[in-house]
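Here are my notes on this model, as numbered points. Please read them with the structure open.

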Amino acid sequence: MRERLKVVEGDITRLAVEVIVNGANNSLLGGGGVDGAIHDAAGPELRTECKRHGGCATGDAKLTHGYKLRAKYVIHAVGPIWKGGGEGEAAVLASCYQRALEIAAAHRFKTMAFPSISTGFYGYPLEEACRIAIRTCAEFLKNSEWPQQVTFVGFGQHDYKVYRAALTEMLGGTRAPMEGKGGTRPPMSGKGGTRPPVKA
Ligand code: ADP
């Protein structure tokens with residue numbers, strides 16, 4: 001199961017996985033952060049399809065096509081706004097991951113990538129959020145053949161390192177060449193404009 005979970009650093013909009021997850025808001029009509037980046041990269045048709053969903057409840061998720069993204073599909077999950085931890089935020093965040101995984105499994109998506117939902121504008125502490133993400137995915141994969149691989153995307157070195165450390169601590173050893181800096185593939189430096197490159 002450990003080999004079905006991996007961490008990369010970079011921009012989720014560039015990943016060549018079957019489905020990426022968006023950290024959306026209730027309107028599903030786009031916003032800042034990862035939501036804005038996904039809508040920008042997918043093009044305006046994504047917003048048109050999102051409109052047809054008529055919004056999404058917090059803790060739930062909805063599926064759309066990926067349009068100009070490398071990913072064929074996007075699962076839009078709405079995370080909780082952090083209010084100090086006493087308002088059920090942990091359960092709502094776990095529900096986001098769970099719903100996104102259920103949708104991916106129902107469609108038999110092989111590869112799936114998550115950003116760190118709620119830890120940007122919504123203010124959820126990263127260390128706690130990433131543990132919820134890892135725990136929910138690990139539990140789900142124990143009982144499901146699909147998705148076959150889940151990638152956590154750390155946006156920037158700091159987030160990447162936090163995810164990597166939590167994954168090792170919670171689930172044990174890493175598959176050295178595929179993760180971190182010691183990989184066999186060179187970093188994609190110089191190709192990516194202003195966005196950080198994807199290190200897989
Ligand atoms: P939220 O409102 O759910 O907190 P944000 O978009 O503000 O959503 O942040 C969620 C996480 O997504 C943050 O850790 C942020 O650094 C990260 N993020 C922002 N842009 C991207 C991107 N292009 N790819 C991957 N992660 C991103």
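1. Overall burial. The protein has 200 residues, and 44% of them count as buried. This is a predicted model. Among contacts between residues at least 6 apart in sequence, 71% join residues at least 24 apart.

2. Confidence. Mean pLDDT for the protein is 90. A value of 70 or more is reached by 86% of the residues. Residues 176-195 are another matter: pLDDT stays under 50 there. For that stretch the model has 20 contacts beyond four places in sequence.

3. Inventory. There are 5 helices and 6 strands. Read from the N terminus, the elements run β-β-α-α-β-β-α-β-α-β-α.

4. The sheet. How are the 6 strands ordered? The order is S1-S6-S5-S2-S4-S3, in an open sheet with mixed pairing. Strands S1 (5-9) and S3 (61-65) are the edges, and each pairs on one side only. Neighbouring strands are turned by 25° against each other on average, direction ignored.

5. The S5-S6 pair. Strand S5 covers residues 111-114 and strand S6 covers residues 149-154. The two pair in the parallel sense over 4 bridges. Phe114 stands opposite Phe152 in S6. Two helices pack on the sheet and are worth checking next. Helix H3 (residues 89-106) touches S2 (19-24), S3, S4 (73-78) and S5. The direction of H3 makes about 155° with that of S4. Helix H4 (residues 126-142) also packs on the sheet, touching S1, S5 and S6. Its direction makes about 175° with that of S6.

6. The S1 edge. Strand S1 pairs on one side only, yet S1 is mostly covered, with 4 of its 5 residues buried. S1 and S6 pair in the parallel sense over 5 bridges. Within S6, Gly154 is the residue opposite Glu9.

7. From S2 through S5 to S6. S2 and S5 run parallel and are joined by 2 bridges. Ile20 has Ala113 of S5 as its bridge partner. Ala113 in turn stands opposite Thr151 in S6. The chain then crosses from S5 through H4 to S6. Which hand does this β-α-β crossover have, right or left? The crossover is right-handed.

8. Helix H3, geometry. Does the length of H3 agree or disagree with the expected span? H3 has 18 residues, so at 1.5 Å a residue it should span 26 Å. Its end C-alpha atoms are 26 Å apart, which agrees. Just after H3, Arg108 takes a positive phi of about 55°.

9. Helix H3, burial. Buried residues in H3 include Val92, Leu93, Cys96, Tyr97, Ala100, Leu101, Ile103 and Ala104. An α-helix has 3.6 residues a turn, so residues three or four places apart point the same way. The buried list also holds Glu89, Ser95 and Arg99. What covers the buried residues of H3? The cover includes S2, S3, S4, S5 and H4. Of these, strands S2, S3, S4 and S5 are the ones H3 touches as it packs on the sheet.

10. Where to be careful. Treat residues 176-195 separately, given pLDDT under 50. For the sheet, begin with the order S1-S6-S5-S2-S4-S3. Then follow the right-handed crossover from S5 through H4 to S6.

Note on methods
Residues are numbered from 1 along each chain as its sequence is written. This is a predicted model: local features need pLDDT of at least 70, side-chain atom pairs count only at pLDDT 80 or more; totals for chains, interfaces and linings use all residues. Two strands pair if DSSP finds at least two bridges between them. Axes are lines fitted to C-alpha atoms, for helices over the stretch in contact, and angles run from 0 to 180 degrees between N-to-C directions. Two residues are in contact if their C-beta atoms, placed from the backbone, lie within 7 Å. A residue is buried if 20 or more other C-beta atoms lie within 10 Å of its own, exposed if 12 or fewer, and partly exposed in between; C-beta atoms are placed from the backbone. The expected span of a helix is 1.5 Å times one less than its number of residues. pLDDT is the predictor's confidence in each residue, from 0 to 100. A crossover is right-handed if, with the strands pointing away from the viewer, the path from the first strand over the helix to the second runs clockwise.
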